[in-house]
Amino acid sequence: MTTTTYIYMVRHGDSLKTSGNERSRFLSAQGEKDAQRVTQRLQGEGIDALYSSPYTRAVDTIAGLAGALGKEIHKVEDLKEKCWTEDNRTLQDPELYPFLEQMFAEPDFVLEVGGESNRVCKERAVKALKEILRNHPGERIVIGTHGMVMTLMMNEFAEEYGLDFLLQTRKPDIYRMEMKDGLLSHVQRMPLHD
């Protein structure tokens, strides 16, 4: 008998890149409004459990949903965003974007010594995702996540989730992954934006 598990990847809402380091950056006013839309969109989905990157902006994007459902958010360190630099400082988009193509073309490329490659980031995040899948067969699971790490996790199951996919995602964004016996059978974007 086939077991179908649903993973709802929730990319975090808008956050100000001046509001702390990568770990502590919080949602902007727009990000907070959009987090309410995430709650409204997912409240009726029959969610069984919520997991998140430990980063503030990812947790806060699904915190309203957790509250509405009376459920705890399980923070998993290995679901954190890619560590771009050794000190995990916040980088502005113009600093990152010129290197994105190289990151996807060369999985072992690092932006600077001490930073994480796509390969290393993907391995740790996919390991965490597979453990969640093992622990919740046949359930509906929300994962509060980040653009790059979400793309790398989805790429483990289907190679079309790469740079082009990452560049067209929004903040926030929701992708429902239908997993049948651990294999990806369907992905549906759940629109939040007009």
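A disulfide is a pair of cysteine sulfur atoms within 2.5 Å. By this rule, the predicted model contains zero disulfides. The sulfur of Cys83 lies 7.7 Å from the closest cysteine sulfur, that of Cys121, which is too far for a bond. Cys121 is likewise in no disulfide, with the sulfur of Cys83 as its nearest cysteine sulfur. Burial was examined for both residues. Cys83 has a relative accessibility of 13% and therefore counts as buried, since the cut-off is under 20%. Cys121 also counts as buried, because its relative accessibility is 0%.

The overall fold was considered next. The protein chain holds six helices and six strands. Starting at the N terminus, the order of elements is β-α-β-α-β-α-α-β-α-α-β-β. A strand thus opens the chain, and two strands in succession close it. Along the principal axes, the C-alpha atoms occupy a box of roughly 45 × 40 × 30 Å. The radius of gyration of the protein chain is 16 Å. This agrees with a compact globule, because a globule of 194 residues would have a value near 16 Å.

Contacts and burial were then computed for the whole chain. Of the contacts with a separation of 6 or more, 68% join residues 24 or more positions apart. Buried residues make up 51% of the 194 in the protein chain. The exposed area is about 9,200 Å². Carbon and sulfur atoms supply 46% of that area.

Charged side chains were also counted. The protein chain carries 25 positive and 31 negative side chains. The centres of these two sets are 3 Å apart.

Arg11 was examined as a single residue. This arginine is part of strand β1, which spans residues 4-11. Is Arg11 buried or exposed? Its relative accessible area is 12%, so Arg11 is buried, the cut-off being under 20%. Leaving aside residues up to four places away in sequence, Arg11 touches Thr61. Its other contacts include Thr145, His146, Gly147 and Met150. Arg11 also touches Thr169, Arg170, Lys171, Pro172 and Asp173. The position of Met148 relative to Arg11 was computed as well. Arg11 and Met148 are 137 residues apart in sequence, yet their C-alpha atoms are 9.4 Å apart in space.

Key: Residues numbered from 1 in each chain as written. Predicted model: local features only at pLDDT ≥ 70, side-chain atom pairs only at ≥ 80, totals over all residues. Heavy atoms only, no water. Helix = DSSP H or I, 4+ residues; strand = E, 2+ residues; numbered from the N terminus. Rg over C-alpha atoms; globule rule 2.2 N^0.38 Å. Buried < 20%, exposed > 50% of the residue type's maximum accessible area, 1.4 Å probe, protein only. Contact = heavy atoms within 4.5 Å. Areas by Shrake-Rupley, 256 points an atom, 1.4 Å probe, with all protein chains shown as cover. Lys, Arg positive; Asp, Glu negative; His and termini not counted. Charge placed at Lys NZ, Arg CZ, Asp CG, Glu CD.
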